[in-house]
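The following report concerns backbone geometry, helix packing and nonpolar cores, in that order.

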Amino acid sequence: MIVPDAGSSPTIEEKVAFLSRPEAYPCGSSRVDVIETHMSWVFLTDRHAWKLKKPIRYDSLDFSTLELRRADCEREVALNRRLAANVYHGTVPLTTDPDEKMSIAGDGSVVDWLVQMRRLPRERMLDRAIEQQTVTARDVVAVGRLLAEFYQREPTVELAPAEYVARLGQGIRGTREELLRPLFRLPADLVEAASDQPIGYLSNRRDALEVRVREGWIIDAHGDLRPEHVCLEQPPVIIDCLEFSRDLRLLDAASDLSFLMLECERLGAAWIATLIWDTYCEITDDDPPRELLAFYRSQHALTRAKIAVWHLHDAPADQVEKWRSKAVRYLELARGESAAY
């Protein structure tokens, strides 16, 4: 929920209105495209993207004060430079002068913080390239190599095998409980069918999960590897990791990558998922059981179903069926993946 800073001035609405104007930006812009997400506003100028965090507080994140937003902006820049070093320019203050006139990086009081990024070409984002059938095998191999080298470079997270399994179980059971809430009106039999198998896998094949910990595959990963976060430049870059929660980023490298594979297949590009995975295995010499990959993919599909229904809390009436249908589609994907283990 929105939690305004006590006695804050200007208001969040005034900040958004200011940043929506082309003349607000130091380098100018012919126009500003504004995109609102659950956690932020993104302002696209001719050359840059500027992200303003919403003053919100939920169980999993807290941007409710100026200092917390500053810290998250800095964390976002640092973490995303791991896979997109030349995209994230840094954090920039939004300021007001004594007359309460706003400016970007001006003199006066800091009233908020922005993440400044280089604007990426929309047509080269992987989701758009899949849609337009412009992605090549060379593009895909480059993405697989980028991720494989990232996973090899990141230090192993020290975690007890039993704790890792317990964390997975807690997450899946919590997701199942959320999806079964009457508020969302999802088919209970589908939710149960989609979640029964991964819960059973945790009990029956915990050895396969624990060996991943002992072999050192648990890292501080990206956490949100969706095709719309992958840009097929040369070399490719990957943006928008889950900077606000280290717990959500602590993943098996195979789990992190399996989410991207799931999303590529959902968009009708199974060949991309296969080639990315083959490239990863060749570079890392990792080759986990296929049942483990199916488990991870069903887990991610359940999580995406949960995120879809969360939109129902504030979706306009004409968007309700869209989000419910998307949740059902992910539940069907989770159930389909579970057939493999």
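P235 sits in the loop that links β8 (230-231) to β9 (237-238), where helices (H or I, at least four residues) and strands (E, at least two) are DSSP runs numbered from the N terminus. The peptide bond leading from Q234 into P235 is cis, its omega being near 0 degrees. This is a predicted model, in which local features need pLDDT of at least 70 and side-chain atom pairs count only at pLDDT 80 or more, whereas totals for chains, interfaces and linings use all residues. Residues are numbered from 1 along each chain as its sequence is written, and side-chain values use heavy atoms, with hydrogens and water left out.

Most residues other than glycine have a negative phi, and most peptide bonds are trans. Two residues with positive phi are set out below.

| Residue | Phi | Loop |
|---|---|---|
| E100 | about 65 degrees | between β4 (88-96) and β5 (102-104) |
| R185 | near 55 degrees | between α5 (161-179) and α6 (188-204) |

E100 is exposed, with a relative accessible area of 57%, and R185 is likewise exposed, with a relative accessible area of 57%; here exposed means over 50% relative accessible area, buried means under 20%, and partly exposed lies in between, for a 1.4 Å probe and protein chains only.

Turning to the helices, α7 (residues 206-214) packs against α11 (residues 290-310) at an angle of about 90 degrees, with the axes 10 Å apart. That makes α7 roughly perpendicular to α11, a label given to angles of 65 to 115 degrees, while those under 35 count as roughly parallel, those over 145 as roughly antiparallel and the rest as oblique. The axes are lines fitted to C-alpha atoms, for helices over the stretch in contact, and the angles run from 0 to 180 degrees between N-to-C directions. From α7, the residues A208, L209 and R212 meet L292, F295 and Y296 of α11, contact meaning heavy atoms within 4.5 Å.

The largest nonpolar core, a set of buried Ala, Val, Leu, Ile, Met, Phe, Trp, Tyr and Cys residues joined through side-chain atoms within 4.5 Å, has 74 residues, and L209, L260 and F295 are those with the most contacts inside it. Its largest share, 10 residues, is contributed by α11. Leaving aside residues up to four places away in sequence, F295 touches L168, I172, P198, Y201, L202, L209 and Y341. A second, separate core of 17 residues includes L19, Y25, F43 and V111.
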